[in-house]
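Q: Hey, could you walk me through this one? I'd like to hear about the pockets before anything else.

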Amino acid sequence: MRTLHVVLVGLAVLAACASEGQTPSASSEDQVLQLGRRVFQNYCATCHQPNGQGVPGIYPPLTPNEWVQGDKGRLIRLVLHGAQGEMKVGEEVYNNVMTAHDFLTDEQIAAVLTFIRQNFGNQADPVTPEEVAAVRAASRQQGPWDPAVLWEQTGIPKTSGD
């Protein structure tokens, strides 16, 4: 009877983890990337495409470029507030709107940015929820960024706990 109880508890744990999209043995890093992949598929892949290649002349690729691999603070600001106007990515200029995603949690934004910074040929440091929270808390931006102005907005603001 004890064996049956252990098996049932184990199945309950597996079912709970499955409903959260996690496996009991998944590392914290794996869980972040899994969350990032889900957020990417739900909110980013439509424009930037599932392979991160974008749509030429319309939506920029997420493949190695200075916006994705560059300053984390700038990238967080881009996701939080969006952008509108001419944006140069590599050698191509895009002139479209990226909608704000400030409705996402700090954890979701950190996960999706970590996902794109470590996929599609990118090899950049992860983004933490604390970094997203610091940028969000310090932000006074209203509406989408002009990409030229956003380019100058770098760094993660210091929090009172630093």
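A: Happy to, and keep in mind that the model is predicted. Helix α2 gives the most residues to the lining of the largest pocket, with six of them.

Q: What other elements give two or more residues to the lining of the largest pocket?
A: Besides α2, the list has α3, α4, β1, β2 (92-98) and α5.

Q: How much space lies in the largest pocket?
A: About 510 Å³. The lining counts 33 residues, and those closest to the pocket's centre are His-48, Pro-60, Leu-62, Leu-78 and Met-98.

Q: And by class, how many nonpolar, polar and charged residues does that lining have?
A: There are 24 nonpolar residues and nine polar ones, with no charged residues.

Q: Good to know for docking setups. What volume does the second largest pocket have?
A: The second largest pocket comes to about 180 Å³. Its lining has 14 residues, with Val-32, Ala-111, Thr-114, Pro-126 and Val-127 closest to the centre. The elements giving two or more residues there are α2 and α5.

Q: Which element has the largest share of that lining?
A: That would be α2, with five residues. By class, the second largest pocket is lined by eight nonpolar, four polar and two charged residues.

Q: Let's switch to the core. Which residues touch the most other members of the largest nonpolar core?
A: Those are Phe-40, Ile-76, Leu-78, Ile-109, Leu-113 and Ile-116, out of 29 residues in that core. Two or more core residues come from each of α2 (28-48), α3 (66-69), α4 (72-81), β1 (83-89), α5 (106-117) and α6 (129-138). Helix α5 gives the most, with six residues.

Q: Any general reason to expect such a cluster?
A: In soluble globular proteins, nonpolar side chains tend to end up buried together.

Q: Zoom in on Leu-113: what is it in contact with, leaving aside neighbours within four places in sequence?
A: Leu-113 is in contact with Leu-75, Ile-76, Val-79 and Val-127. Ile-76 is also among the core residues that touch the most other members, and Val-127 is one of those closest to the centre of the second largest pocket.

Q: New topic, the cysteine. Where is Cys-47 found?
A: Cys-47 is in helix α2. Not counting residues up to four places away in sequence, Cys-47 touches Gly-54, Val-55 and Tyr-59. The C-alpha atoms of Cys-47 and Met-98 are separated by 9.1 Å, with the two residues 51 apart along the chain.

Q: Is Cys-47 buried, exposed or partly exposed?
A: Partly exposed, because its relative accessible area is 27%, and the partly exposed class runs between 20% and 50%.

Q: Last thing, backbone angles. Which residue in the loop between α2 and α3 should I look at?
A: Take Gln-49, which sits in that loop. Gln-49 has a positive phi of about 75 degrees without being a glycine.

Q: Why point that out?
A: Because most residues other than glycine have a negative phi.

Q: What about the loop between α5 and α6?
A: Phe-120 lies there, and Phe-120 has a positive phi of about 60 degrees, again without being a glycine.

Q: So how do those two come out, buried or partly exposed?
A: Gln-49 counts as partly exposed at 26% relative accessibility. Phe-120 has a relative accessible area of 18%, so Phe-120 is buried, as the buried class is under 20%.

Terms used: Residues numbered from 1 in each chain as written. Predicted model: local features only at pLDDT ≥ 70, side-chain atom pairs only at ≥ 80, totals over all residues. Heavy atoms only, no water. Core = buried A, V, L, I, M, F, W, Y, C linked by side-chain atoms within 4.5 Å. Buried < 20%, exposed > 50% of the residue type's maximum accessible area, 1.4 Å probe, protein only. Helix = DSSP H or I, 4+ residues; strand = E, 2+ residues; numbered from the N terminus. Contact = heavy atoms within 4.5 Å. 1 Å grid on protein atoms, 1.4 Å probe; cavity = no way out; pocket = protein on both sides within 12 Å on 5 of 7 lines; lining within 4 Å. Points joined across faces, edges and corners; volume = space filled by probe spheres on them. Nonpolar A, V, L, I, M, F, W, Y, C, P; charged D, E, K, R; others polar.
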